[in-house]
Amino acid sequence: MPDDSLSLPARLYLLSWDTEKLKVTGATDLHHLVRAGALTELAQRGLLADVEGIATPVDPDAHTGDLVLDGLLELVEESRPRKWKAWVTLRARVTLDAVRAQLVAEGYLRAEKKRVLGLFPSVEYELARASAVDGLRAEARQVLVGPVPVADVSDRDAALVALAAAAELRTLLPGKDRKIYKDRIEELTDRSGAAAPALKKVIQEVRTAVMVAVTVGAATGAAAGG
């Protein structure tokens with residue numbers, strides 16, 4: 001995929017951008033998706049392990065060199081033991097903020113400081129490299145629709161598409177496509193955890209937690225609108 005140096009949470013965040021309307025889609029639940037990406041990458045790298053359902057750091061001295069991933073790893077290490085699904089939502093905006101700051105530093109985003117009602121500081125983000133996002137999306141669509149066999153897809157690329165589908169990310173997966181590619185999405189989810197049976201269980205749990213968060217968010221939004 002374009003710029004494979006980007007972490008999984010960073011790529012999920014960029015995929016959420018609609019490059020025609022130049023705005024983020026699914027903003028209500030985006031922090032959950034980004035956090036799920038970070039958890040998945042740490043698990044795939046062998047830095048977070050599943051110990052009786054608990055997300056557990058493998059080595060307290062281990063680092064990835066990525067500020068977003070290392071920040072989450074430190075947070076998990078310093079907190080009381082929690083299950084994977086709890087980490088999908090707990091303080092998830094911290095990871096989202098870290099991803100956006102990283103993407104600003106790397107030139108993918110522009111940040112503009114403003115004040116709400118003239119009093120409260122706020123930051124608005126603009127997409128600076130729409131072509132890079134278009135390239136990322138094109139590659140992700142190829143993973144989703146084929147023709148490359150799922151067995152030949154990297155576990156990282158498989159996780160990208162599986163998590164985006166779980167979050168119902170319309171920029172990658174319009175509503176009608178969720179039924180069309182349902183079986184392939186399930187295969188990509190399995191492929192995401194192909195390295196070990198325990199990893200497969202972790203990714204299934206993280207993916208399910210994202211789906212629950214999105215469903216709850218949609219229900220809450222509908223209730224508020226009504």
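How much area does the protein chain expose, and what share of it do carbon and sulfur atoms supply? The exposed area is about 11400 Å², and carbon and sulfur atoms supply 54% of it. The legends below describe a predicted model.

**Figure 1. Overall view of the protein chain, with its 10 helices and 6 strands.** The radius of gyration is 17 Å, close to the 17 Å that the globule rule gives for 226 residues, so the protein chain is as compact as a globular protein of that length. Along the principal axes, the C-alpha trace spans about 50 × 45 × 40 Å. Of the 226 residues, 45% are buried. Among contacts between residues at least 6 apart in sequence, 68% join residues at least 24 apart.

**Figure 2. Close-up of the largest nonpolar core and of tryptophan 84.** This core contains 64 residues, and the members that touch the most others are Tyr13, Leu14, Trp84 and Leu103. Leaving aside residues up to four places away in sequence, tryptophan 84 touches Leu39, Ala43, Leu48, Ala49, Asp50, Gly53, Ile54, Ala55, Val202, Glu205 and Val206.

**Figure 3. Close-up of serine 7 and alanine 10 at the start of the chain and in helix 1.** Serine 7 belongs to the segment before helix 1 (8-15). With a relative accessibility of 2%, serine 7 counts as buried, because the cut-off for that class is under 20%. Residues up to four places away in sequence aside, the contacts of serine 7 are with Glu41, Asp66, Leu69, Gln102 and Arg156. Alanine 10 lies within helix 1 and is likewise buried, at a relative accessible area of 0%. Apart from residues up to four places away in sequence, alanine 10 touches Val99, Gln102 and Leu103. Gln102 thus appears among the contacts of both serine 7 and alanine 10. From alanine 10 to glycine 135, the C-alpha to C-alpha distance is 14 Å, with 125 residues separating the two in sequence.

**Figure 4. Close-up of the hairpin formed by strand 3 and strand 4.** Strand 3 (residues 48-51) pairs with strand 4 (residues 54-57) in the antiparallel sense, over 4 bridges. Alanine 49 has threonine 56 of strand 4 as its bridge partner. Alanine 49 is also among the residues that tryptophan 84 touches. The hairpin has 2 residues between the strands, and glutamate 52 takes a positive phi near 55 degrees. Glutamate 52 sits in the loop between strand 3 and strand 4 and is exposed, with 77% relative accessibility. The C-alpha atoms of glutamate 52 and lysine 83 are 8.9 Å apart, although 31 residues separate the two along the chain.

**Figure 5. Close-up of threonine 89 in helix 4.** Helix 4 comprises residues 84-89. Is threonine 89 buried, exposed or partly exposed? Threonine 89 counts as partly exposed, at 39% relative accessibility. This value falls between the cut-offs of 20% for buried and 50% for exposed. Threonine 215 is 126 residues away from threonine 89 in sequence, and their C-alpha atoms are 13 Å apart in space.

**Figure 6. Close-up of aspartate 157 in helix 7 and its contact with arginine 11.** Aspartate 157 is located in helix 7 (residues 155-166). The relative accessible area of aspartate 157 is 13%, so this residue is buried. A polar contact of 3.2 Å joins the side chains of aspartate 157 and arginine 11.

**Figure 7. Close-up of backbone geometry at proline 147, leucine 22 and glutamate 168.** Most residues other than glycine have a negative phi, and most peptide bonds are trans. The peptide bond from glycine 146 to proline 147, by contrast, is cis, with omega near 15 degrees. Proline 147 is placed in the loop between helix 6 (130-145) and helix 7. Leucine 22, although not a glycine, has a positive phi of about 55 degrees. This leucine 22 occupies the loop between strand 1 (17-18) and strand 2 (23-24). Glutamate 168, also not a glycine, has a positive phi of about 55 degrees. The loop between helix 7 and helix 8 (175-180) holds glutamate 168, which is partly exposed at a relative accessible area of 37%.

Key. Residues numbered from 1 in each chain as written. Predicted model: local features only at pLDDT ≥ 70, side-chain atom pairs only at ≥ 80, totals over all residues. Heavy atoms only, no water. Buried < 20%, exposed > 50% of the residue type's maximum accessible area, 1.4 Å probe, protein only. Polar contact = N/O pair within 3.5 Å; in protein donor to acceptor, adjacent residues only side chain to side chain. Core = buried A, V, L, I, M, F, W, Y, C linked by side-chain atoms within 4.5 Å. Contact = heavy atoms within 4.5 Å. Pairing = 2+ DSSP bridges. Rg over C-alpha atoms; globule rule 2.2 N^0.38 Å. Areas by Shrake-Rupley, 256 points an atom, 1.4 Å probe, with all protein chains shown as cover.
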